[in-house]
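Work through these short exercises with the model in view. Try each task before you read its solution.

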Amino acid sequence: MTNMLADELNNIRQGALPAIAAADAASLEELRVSLMGKTGSVTQLLKSLGTMEAEARKAAGAEINQLKTEITECLAARRAVLDAAALEARLAAERLDVTQPPRPEPAGAIHPLSRTMEEIAAIFSAMGFAIKDGPDIESDWHNFSALNIPGHHPARAMMDTFYLTGGEVLRTHTSPVQIRTLLNEQPPIRIIVPGRTFRSDHDATHSPMFHQCEGLVVGEGITLGHLKGCLTDFLSAYFDVPSLPVRLRSSYFPFTEPSMEVDIGWNKKTGEIGGGTDWLEIGGSGMVHPNVLANCGIDPRQYQGFAFGVGLERLTMLKHGIADLRLFYESDVRWLRHYGFSPLAPATLHEGF
Ligand code: DAH
């Protein structure tokens, strides 16, 4: 090896190694290119080996490759240090504090009517009922005729509603879902139908849109005793009054025979449910009329059933002491906040409502 080459290798070594050890990410890459790139100084020296005599090439080759190895290792060591530092910096900058409490978000609330529907669903699910719904727009047949209310019947006048040009109506009660279910299913049937209903009424105690919950049980040997037991269990669970007085009072509905209003005991003065000696009507009920079963292809000599319908606004107002029906639909946030329920505490029967 010539002295010239030895000097040159030393120059490169003494310039490169300290520079690499102090380089940042960008200058490290520049250094690598200037030393080991296609036209880098170490690469040039390796190329020059081709012009040397065999003896000289052997000695020079060993020296140059030795330098190349040193530089390669030095570059890799520096890169590892820089990568580790970059990762540290990112971890520190992107730190996530999972113990921080959530920002106070404006919380939504469950509307009291929705809550009532959830509670009713929970009570009847526990009794083995399925939950059904049906369309708001009904045919005249489903809403009236199939329920044993013929065209001339005065019950139609009591359920004046909104009429669509095709002859359909906005359903006046949830009872048409009885028909839809009886047409599609075989007894035994046990369903409830919470949902929207419509009538052309509008004053302090009536809204053109309101809510009902229908109930229907059809099977062999179903009696009025089952009806009373079922309603008593439901109403005591809903109002959370263990021995709630429930009274069935003779009445008339075209789709039941016999028909009864359902009353609960309360104290008119204090509003206490289950106390006092007053009675309050909360819905209608009865044994499913044989004509209704027959209209749906079910043999009334083999199957019997009971049905009931309750007003959900009424049940909700009684339970929560809400005085005015109209506020249910005004979307007043203050009212909703006051009477609404936490979405994180859904209705379950686990410990009562
Ligand atoms: N559909 C009746 C109404 O809206 C309520 C009703 C009464 C429903 C008696 C029933 C029932 O299922 O048996 O006034």
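**Exercise 1.** Is R247 buried, partly exposed or exposed, and what is its relative accessible area?

*Solution.* This is a predicted model. Start with the cut-offs: buried means under 20% relative accessible area, and exposed means over 50%. The value for R247 is 31%, so R247 is partly exposed.

**Exercise 2.** Find the salt-bridge partner of R247 and place both residues in the fold.

*Solution.*
- Step 1: recall the principle. Side chains of opposite charge can pair when their charged atoms come close.
- Step 2: name the partner. R247 forms a salt bridge with D263, at 2.9 Å from N to O.
- Step 3: locate the two ends. D263 sits in strand β7 (residues 256-266), and R247 in strand β6 (residues 246-251), so the bridge ties together parts that are 16 residues apart in sequence.
- Step 4: check the accessibility of the partner. D263 has 1% relative accessibility, so D263 counts as buried.

**Exercise 3.** Which residue pairs with R249 in a salt bridge, and which strands hold the two?

*Solution.*
- Step 1: the partner is E281, with 3.9 Å from N to O.
- Step 2: this pair links distant parts of the chain, with R249 in strand β6 and E281 in strand β8 (residues 278-288), 32 residues apart.
- Step 3: classify both. R249 is partly exposed at 32%. E281 is partly exposed too, at 37%.
- Step 4: put the pairs together. R247, R249, D263 and E281 are linked in a network of salt bridges. The structure holds 16 salt bridges.

**Exercise 4.** Describe the salt bridge between R334 and D332.

*Solution.*
- Step 1: the closest N and O atoms are 2.7 Å apart.
- Step 2: R334 has 64% relative accessibility, so R334 is exposed.
- Step 3: D332 has 24%, so D332 is partly exposed.

**Exercise 5.** Where do P188 and P258 lie, and what is the form of the peptide bond that leads to each?

*Solution.*
- Step 1: the bond from P187 to P188 is cis, with omega near 5°. P188 lies in the loop between α8 (176-184) and β4 (189-198).
- Step 2: the bond from E257 to P258 is cis, with omega near -5°. P258 is in strand β7.

**Exercise 6.** What is phi for D240 and for S331, and where do these residues lie?

*Solution.*
- Step 1: D240 is not a glycine, and its phi is positive, near 55°. D240 is in the loop between α9 (224-239) and β6.
- Step 2: S331, also not a glycine, has a positive phi of about 55°. S331 is in the loop between α11 (312-320) and α12 (333-339).
- Step 3: D240 is exposed at 55%. S331 is exposed at 56%.

Key
Residues numbered from 1 in each chain as written. Predicted model: local features only at pLDDT ≥ 70, side-chain atom pairs only at ≥ 80, totals over all residues. Heavy atoms only, no water. Salt bridge = Lys/Arg side-chain N within 4 Å of Asp/Glu carboxyl O. Helix = DSSP H or I, 4+ residues; strand = E, 2+ residues; numbered from the N terminus. Buried < 20%, exposed > 50% of the residue type's maximum accessible area, 1.4 Å probe, protein only.
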